Number of protein chains: 2
Amino acid sequence: MLSTHTTRETDRPMTRTERVHVALRMAILEQRLAPGARLPEDMIGEAFGSSRTIAREALGRLATEGLVELKPNRGAFVANPTLEEGRGIFVIRAALERAMVRQLAGRIDVETARTLHQMVEDETRLAEKSDVEAIRLAGEFHLYLARLCGNPLLERYLTEIVSRCSLVMAIYGRPHSADCGAREHREIVEAIVAGDFVGAGNLMERHVEEVATRAQLGTRAEVDVRSILAEVAAQVP
Amino acid sequence: MLSTHTTRETDRPMTRTERVHVALRMAILEQRLAPGARLPEDMIGEAFGSSRTIAREALGRLATEGLVELKPNRGAFVANPTLEEGRGIFVIRAALERAMVRQLAGRIDVETARTLHQMVEDETRLAEKSDVEAIRLAGEFHLYLARLCGNPLLERYLTEIVSRCSLVMAIYGRPHSADCGAREHREIVEAIVAGDFVGAGNLMERHVEEVATRAQLGTRAEVDVRSILAEVAAQVP
DNA sequence: TCTGTCAATATCGTATGCAATATAAGACAA
DNA sequence: TTGTCTTATATTGCATACGATATTGACAGA
């Protein structure tokens with residue numbers, strides 16, 4: 001059994017808004033809904049057998065998560081963050097995750113430590129088998145750490161940020177670049193367990209930055225409509 | 001003129017939801033609405049001459065900001081964060097503001113530097129005159145730095161966090177404790193302008209932590225009903 | 001052929017009505 | 001007096017209707 005960590009005990013049967021919300025989030029993160037796609041309230045309501053009220057609220061939440069853009073009197077669109085926004089998101093992520101592991105360092109009981117090691121183990125094993133699974137597990141790892149902090153706001157922010165990062169990587173990342181590097185995760189876990197909060201913080205900060213650069217976020221230039229038009233024009237005989 | 005920095009050019013005449021939203025936020029932060037107070041949609045809609053739809057949406061936004069708590073099928077209440085949540089919020093704030101000034105260090109043009117010095121000047125001058133004004137200016141200072149980063153998400157998070165901090169301090173802080181310390185601000189500005197990103201980061205991190213401790217967030221114990229009852233019982237003859 | 005104006009359409013912003021749910025109050029028995 | 005059951009009330013959850021707004025396409029004029 002690989003992902004006991006992901007089970008979220010839904011005591012409440014999940015409100016309709018929530019259902020639509022998570023379904024749309026999934027679809028966007030899996031790129032089944034392409035960035036820039038229109039998301040009319042009517043269409044969503046119809047698709048889920050609900051009214052626009054539900055669709056509207058779900059879209060509102062997705063907008064605060066940064067996954068959709070809400071243009072007043074125009075409608076909702078799947079977000080299409082610029083490369084610069086993407087970099088900004090990773091900056092915040094690095095800062096939050098640094099603080100997170102610093103706080104965690106030396107405050108992990110043996111049971112939790114075992115779980116963390118197990119997660120890294122699973123990641124390593126899956127790294128060569130299934131890309132998509134490995135990426136999912138890597139995300140789980142970061143979110144699990146956030147949960148351990150016992151800081152609800154930190155957890156919320158990190159959940160949101162991880163979503164945004166996934167979207168940015170889906171847009172700008174090259175294939176396979178999203179791997180989180182199980183080895184880096186292992187080093188971080190070891191630093192945390194050892195109580196080395198400075199080392200853990202630095203490792204995590206560097207880790208996040210490297211994920212960003214591996215995704216080519218540092219090198220690829222902003223898509224410039226003008227230059228593309230020039231290219232296209234040049235190809236016309 | 002003290003606060004040109006606060007002018008937000010509202011190109012759009014501000015939607016009704018927004019109006020209710022900011023009005024309620026003000027009221028909560030000024031403690032005109034006490035923590036724990038009920039906020040029925042009907043009542044709010046009536047008060048603002050709008051329908052429940054508007055009130056509902058405003059409450060939803062305030063909930064994501066952490067200023068109101070939304071209990072399903074029960075209603076909305078002014079948030080009443082625990083002391084522990086309050087500490088967690090300051091942890092995040094320290095992390096974000098550290099990253100913020102590190103990014104800013106050495107990237108400030110002379111015009112902006114002048115503005116920053118002016119803000120610190122104003123704070124110093126008002127520090128002895130008007131408490132409430134000084135506190136407001138201090139908040140402006142932090143938010144202005146966030147705006148300078150050009151990172152929309154960072155700006156949003158920090159706005160949200162500053163609100164939450166205000167609420168926490170209103171609940172748990174002792175009077176006058178919220179002063180941000182204009183001298184600390186001056187040191188930070190100087191480090192930023194000098195391009196000393198390590199120093200600026202450390203100063204800011206410490207500064208936020210000290211604001212938290214000055215507010216007694218580090219010392220005061222959680223209110224424990226049991227112990228209070230014991231005290232009361234002991235006083236009974 | 002190009003550009004400006006206008007109508008048609010699609011979609012959102014808002015109000016309101018009805019059903020569902022949770023709390024609170026009251027009655028009653030132990 | 002206390003515990004439990006029932007009923008009443010307050011309030012939200014959700015759907016729908018109507019007016020407001022932006023975009024699209026057609027058409028007239030240059």
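This is a guided tour of a predicted model, moving from the two protein chains to their interface and then to a DNA strand.

**The two copies**

Begin by selecting chain A and chain B together, because the two copies are related as by a two-fold rotation axis. Chain B can be laid on chain A by a turn of 180° with a shift of 0.0 Å along the axis, and the RMSD of that superposition is 0.0 Å. To find where the axis passes, select Ala95(B), whose C-alpha lies 2.9 Å from it and which comes closest to the axis of the residues of chain B. The same surface serves both copies, since 100% of the contact residues of chain B recur in chain A.

**The interface between chain B and chain A**

Next, display the residues at which the two chains touch, where chain B contributes 24 residues and chain A contributes 24 residues. The area buried between chain B and chain A is about 2,000 Å², and carbon and sulfur atoms give 58% of it. Within chain B, select Ile92(B), Leu153(B) and Tyr157(B), the residues that lose the most area to chain A, together accounting for 26% of what that side buries.

Now turn to the charged and polar pairs. Side chains of opposite charge can pair when their charged atoms come close. The interface of chain B and chain A holds four salt bridges, and one to select is the pair of Arg156(A) and Glu160(B), whose closest N and O atoms are 2.5 Å apart. Between these chains there are also eight residue pairs in polar contact, with both residues at pLDDT 80 or more.

Colouring chain B by its helices shows where this side comes from: α3 (52–65), α4 (83–104) and α7 (152–172) of chain B each give two or more residues to the side that touches chain A. Of these, α4(B) gives the most, with nine residues. By class, the residues on this side of chain B divide into 11 nonpolar, five polar and eight charged.

**DNA strand C**

Move on to DNA strand C and show the protein around it, where 20 residues surround the strand and the closest are Arg56(A), Ser51(B), Thr53(B), Ile54(B) and Arg74(B). Of the atoms of DNA strand C that come within 4 Å of the protein, sugar and phosphate account for 74%.

Three side chains are worth selecting one after another here. Ser51(B) has a polar side-chain atom 2.7 Å from a phosphate oxygen of DNA strand C, whereas Thr53(B) places a polar side-chain atom 2.8 Å from a base nitrogen of the strand. From the other chain, Arg52(A) has a polar side-chain atom 3.0 Å from a base oxygen of DNA strand C.

The elements that give two or more residues to the surface near DNA strand C are α3 (52–65) of chain A, together with α1 (16–29) and α3 of chain B. The largest share, three residues, comes from α3(B). By class, the surface near DNA strand C has four nonpolar, eight polar and eight charged residues.

**A salt bridge within one helix**

For the last stop, return to chain A and select Glu111(A) and Arg114(A), whose side chains meet in a salt bridge with an N to O distance of 3.7 Å. Both residues lie in helix α5 (residues 110–127) of chain A, three residues apart, which is about one turn of the helix. A search of the whole structure finds 26 salt bridges over all chains.

Notes:
Residues are numbered from 1 along each chain as its sequence is written. Chains are lettered from A and ligands numbered from 1 in the order in which they are written. This is a predicted model: local features need pLDDT of at least 70, side-chain atom pairs count only at pLDDT 80 or more; totals for chains, interfaces and linings use all residues. Side-chain values use heavy atoms; hydrogens and water are left out. Contact means heavy atoms within 4.5 Å. Buried area is the accessible area (1.4 Å probe) that two parts lose on being put together, summed over both. A polar contact is a pair of N or O atoms within 3.5 Å; within protein, one must be able to donate a hydrogen and the other to accept it, and residues adjacent in sequence count only if both atoms are side-chain atoms. Helices (H or I, at least four residues) and strands (E, at least two) are DSSP runs, numbered from the N terminus. Ala, Val, Leu, Ile, Met, Phe, Trp, Tyr, Cys and Pro count as nonpolar, Asp, Glu, Lys and Arg as charged, and the others, Gly among them, as polar. A residue is near a molecule or strand if one of its heavy atoms lies within 4 Å of it. Copies are superposed by least squares on the C-alpha atoms of residues with pLDDT of at least 70 in both.
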